[in-house]
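Hi,

Here is the structure I promised to pass on. Have a look at it first, and my notes follow below.

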Amino acid sequence: MKLPWILIGVFCGLCSGATERRVRPNQGNIFEWLGSIWLPATTTTSTTVLATTSTTSRTTTTTTSTTKSTTRSTTSSTTTSRTTVADFPIERDCVSCRCGLINTLYKIVGGHETRIHQYPWMAAILIYDRFYCAGSLINDLYVLTAAHCVEGVPPELITLRLLEHNRSHSNDDIVIQRYVSRMKVHELYNPRSFDNDIALLRLNQPLDMGQHRVRPICLPVQSYNFDHELAIVTGWGAQREGGFGSETLREVEVVVLPQSDCRNETTYKPAQITDNMMCAGYLAEGGKDACSGDSGGPLHTTFDEQPGQYQLAGIVSWGAGCARPQSPGVYTRVNQYLRWLASNTQGGCHCMPYPEEDY
């Protein structure tokens, strides 16, 4: 007679512990769940990040550093079940395509609205179906963004929208929506300093690179510093400090600063700007910058001096306010992570920067 009471006691203890740890049992029969705890698993699946959603603020532990993401809401909402593809073969038949080509040669804060689908790698990141950050498509299966945008968020709560332009009047016949099957935040990401502020989102289904409307951005040249180059930031962020996010995709042109200038000629302390970061903006006058809501989006520079073809120099990360003098935007330096990207984007089909006959 003692065995049923022991089982009841263990069951109650598990339930109370699960509530405290905010661990959600798998859907299905409760005895199957108990069996999954007590009995060893016979198969393994690809791992995903499991964490509780936390409330984050644009203000960090210091008063000078703010991320460029919007405030994440903790209000719960009903989510629908999603069909995801867990894995793809490492070797796939990939179509021939080129990266970094914008869809028109016509040309956040201090910027202007882009042409529709001008930057076809732009991804809007939604959490709880609300816009939160931006990202960049780097191949047919992965979107690159900032770690502070998605750290602690279960992948099943994230939606990606590509070919989005006007968020309030989306053209659902053109916009491509994907869910996230796996998330990879850099192992050494530091949420206090924003060092290694980089993360990968794997799509639940690959994109068709054969239809040329959507296209990935090129990864940057290794070891290149981009000093004094003109760069373009794109995003749906606020147009002024403390303002609301933009409904339409906007762009602004900034100048990449030498690392020594960012460390010694700005309001930032030298130790705040690590080798994994880069700064872009205008020191004396300010006026042009990324802002709240632009986090995770791209800092583009032209690829190999070819007009209309871009590489991903940086990821919008943090900064002191928006467009303040002596406080340029700080970006994750992407070419510091080329090996990390190569080892964590298995199964993706990459587009080449040059025509196929040049290889």
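Let me start with one strand pair: S3 (residues 122-127) and S6 (residues 158-162) run antiparallel and are joined by five bridges. Within that pair, Ala123 has Leu162 of S6 as its bridge partner. Strands here are DSSP runs of E with at least two residues, helices are runs of H or I with at least four, both numbered from the N terminus, and two strands pair if DSSP finds at least two bridges between them.

Before you go further: this is a predicted model, where local features need pLDDT of at least 70 and side-chain atom pairs pLDDT 80 or more, while totals for chains, interfaces and linings use all residues. Residues are numbered from 1 along each chain as its sequence is written, and side-chain values use heavy atoms, without hydrogens and water.

S3 and S6 also belong to a barrel, which six strands close in the order S3-S4-S5-S8-S7-S6 with antiparallel pairing.

Now the inside. The largest nonpolar core (buried Ala, Val, Leu, Ile, Met, Phe, Trp, Tyr and Cys joined through side-chain atoms within 4.5 Å; buried is under 20% relative accessible area with a 1.4 Å probe, protein chains only) has 71 residues, and Leu137, Leu144, Ile158 and Leu201 have the most contacts inside it. S3 gives the largest share, six residues. The core lies between domain 1 (122-216 + 340-345) and domain 2 (229-335), because both contribute residues; the bounds come from an automatic or database domain assignment. A second, separate core has 15 residues, among them Phe226 and Val254.

Overall, the chain has five helices and 14 strands, and 50% of its 359 residues count as buried.

Cheers
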